[in-house]
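Q: I am new to reading protein structures and would like a close look at one single part. Could you pick a helix and walk me through how it fits with its surroundings?

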Amino acid sequence: MARSLFDTPPFDKTSRNSFRNTLEGFEIPDDSRHLNASMHNLVHRYLNGTMSLVPTAANDPIFMLHHSFVDKLLETWLQDHSEETYPDSEQVHPAQRAQAYMAPFLPLRTNNYYWGRDTQSLGYSYKKHSLHHPGAGKSVTRQDAGFLEESKASGVQWQWPVLGVFSIVLLCVSAGAAIKCKDKIRQRLQDSETAEKQTEVDYRSNNLYAVWIKERNGNADKSSAADAASSGASQETGFHQRGEEAAVNVEIPL
């Protein structure tokens with residue numbers, strides 16, 4: 001907390017007299033020469049397990065407790081060094097420069113935007129620590145009275161952007177679900193039609209069906225022939241009867 005500069009060149013883990021690098025744990029005190037890291041880093045290594053690995057550290061619930069305290073230390077230092085500015089140099093990593101956005105947090109704000117804002121304007125605050133920090137400079141005591149009013153007046157209004165993003169996501173999910181259901185219904189209809197056609201093909205290709213068709217056609221032919229023969233016989237009988245009648249009715253003059 002006694003460091004007067006937030007950061008110094010080259011703005012990495014080799015920086016000296018840097019509050020950032022000291023809090024991070026790379027600027028190791030002279031009496032800790034047997035440690036590979038201290039401060040923030042040492043807590044991760046001490047807890048071991050998932051907390052000791054960068055890709056998995058945030059999976060441990062203690063991660064939130066640990067980093068909340070780191071944030072409290074930063075906030076206290078900022079109160080005591082209000083004249084300090086955010087480092088703006090080509091040596092700073094592009095993602096951490098003053099005008100770089102803190103993606104993916106919404107609404108998008110630059111790193112420099114948050115530099116001059118206290119935690120109370122962002123909607124939260126820390127209880128004042130009871131221990132005195134020698135050499136920390138003047139400490140600004142915050143009053144809880146009027147906290148909500150001040151936060152509402154000067155803080156970032158998160159609820160509307162969050163509500164907007166949530167509504168868009170919900171709309172997209174609903175539209176996707178509707179399209180998926182529609183595709184499923186169409187697919188089921190197509191599958192049903194395909195199954196009906198396949199069933200028709202299956203029973204038409206069955207050997208028994210072929211035999212039945214053949215027998216049915218044969219019976220139909222025989223029935224037609226019998227009907228034709230019966231009709232012919234009836235016509236011939238009619239001709240004979242009409243001939244006999246004609247023969248009987250003929251008178252031959254002598």
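A: Happy to help! Let's set the scene: in this predicted model, buried residues make up 21% of the 254 residues in the protein chain. The chain has seven helices and zero strands, so let's visit one of those helices, H3.

Helix H3 covers residues 62-80, which is 19 residues. From its first C-alpha to its last, H3 reaches 28 Å, close to the 27 Å expected at 1.5 Å a residue.

Now look at which parts of H3 are tucked away. Its buried residues are Phe 63, His 66, Val 70, Lys 72, Leu 73, Glu 75, Trp 77, Leu 78, Gln 79 and Asp 80. The cover over these buried residues includes helix H1 (19-24), helix H2 (39-47) and helix H4 (111-115).

Let's follow one of those neighbours, H2. A handy idea first: two packed helices are described by the angle between their axes and the distance between the axes. For H2 and H3, the axes come within 11 Å and cross at roughly 165°. Angles over 145 degrees count as roughly antiparallel, and therefore H2 and H3 are roughly antiparallel to each other. Their crossing is right-handed.

Finally, zoom in on the residues that meet. H2 brings His 40, Val 43, His 44 and Leu 47, while H3 brings Ile 62, Phe 63, His 66, His 67 and Val 70. Phe 63, His 66 and Val 70 take part in this meeting with H2, and these three are also among the buried residues of H3.

Methods: Residues are numbered from 1 along each chain as its sequence is written. This is a predicted model: local features need pLDDT of at least 70, side-chain atom pairs count only at pLDDT 80 or more; totals for chains, interfaces and linings use all residues. Side-chain values use heavy atoms; hydrogens and water are left out. Helices (H or I, at least four residues) and strands (E, at least two) are DSSP runs, numbered from the N terminus. Buried means under 20% relative accessible area, exposed over 50%, partly exposed in between (1.4 Å probe, protein chains only). The expected span of a helix is 1.5 Å times one less than its number of residues. Contact means heavy atoms within 4.5 Å. Axes are lines fitted to C-alpha atoms, for helices over the stretch in contact, and angles run from 0 to 180 degrees between N-to-C directions. Angles under 35 degrees count as roughly parallel, over 145 as roughly antiparallel, 65 to 115 as roughly perpendicular and the rest as oblique. A crossing is left-handed if the near helix is turned anticlockwise from the far one by less than a right angle, and right-handed if clockwise.
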